[in-house]
Amino acid sequence: QVQHAESGGGLVQPGDSLRLSCVISEAVDRNPAMAWYRQSPGKEREWVAAITRPGTTDLEASVKGRFTCSRDYAKNTVYLQMDSLKPEDTGVYYCNRYYAGIGYQPVDPWGRGTQVTVSS
């Protein structure tokens, strides 16, 4: 079964940083294009960031300049570095493969996600 494993969330204050990790499922080809999504309280899950196999990244407008997406090919893992966190960044963060050219539509079943709470 395909299930990616997210980790690294926590409770932080506004302005703090967190780095999320996503270990890609061994049931798929190594180092595929991956995306990060978040589901904030009372909202639908939304796309946040993406990284292609070669490492090109794309970020949703509200996180540009604050979030960075990267990957470690040896570890088959992608990361989301989140700086200058805001309360509106609060939510459960998930990673997933995505269909290229279709607005980052997710491919695989969702994992458990990792909770990020930004609050003073």
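**Reading loops, strands and a disulfide**

Biologist: I have stopped at Tyr104, in the loop between strand E9 (91-99) and strand E10 (105-106). How are such strands defined, and what is the phi of Tyr104?

Modeller: Helices (H or I, at least four residues) and strands (E, at least two) are DSSP runs, numbered from the N terminus. Tyr104, a residue other than glycine, has a positive phi near 60°. Before we go on, keep in mind that this is a predicted model, where local features need pLDDT of at least 70, side-chain atom pairs count only at pLDDT 80 or more, and totals for chains, interfaces and linings use all residues. Residues are numbered from 1 along each chain as its sequence is written, and side-chain values use heavy atoms, with hydrogens and water left out.

Biologist: Happy with that! Where does Asn76 lie, and is it buried or exposed?

Modeller: Buried stands for under 20% relative accessible area and exposed for over 50%, with partly exposed in between (1.4 Å probe, protein chains only). Asn76 counts as buried because its relative accessibility is 4%. Asn76 lies in the loop between E7 and E8, and although not a glycine, it has a positive phi of about 50°.

Biologist: What sheet do the strands E1, E3, E8 and E7 form?

Modeller: Two strands pair if DSSP finds at least two bridges between them. Here four strands make an open sheet, ordered E1-E3-E8-E7, with antiparallel pairing. Its edge strands, each pairing on one side only, are E1 (5-7) and E7 (67-72). From one strand to the next, the twist averages 15°; for such angles, axes are lines fitted to C-alpha atoms, for helices over the stretch in contact, and angles run from 0 to 180 degrees between N-to-C directions. E7 pairs with E8 (residues 77-82) in the antiparallel sense over six bridges. To follow one of them, start at Arg71: its bridge partner in E8 is Val78.

Biologist: And how many disulfides does a search of the whole structure find?

Modeller: A disulfide is a covalent bond between the sulfur atoms of two cysteines. The criterion is a pair of cysteine sulfur atoms within 2.5 Å. The search finds one: Cys22 is joined to Cys95, with S to S at 2.0 Å. The link is right-handed, at 75° about the S-S bond. Distant parts of the chain are linked, with Cys22 in strand E3 (residues 18-23) and Cys95 in strand E9, 73 residues apart. Both cysteines, Cys22 and Cys95, are buried.

Biologist: Which cysteine sulfur is nearest to Cys69?

Modeller: That of Cys22, 9.2 Å away, and Cys69 is in no disulfide. Cys69 counts as buried because its relative accessibility is 7%.
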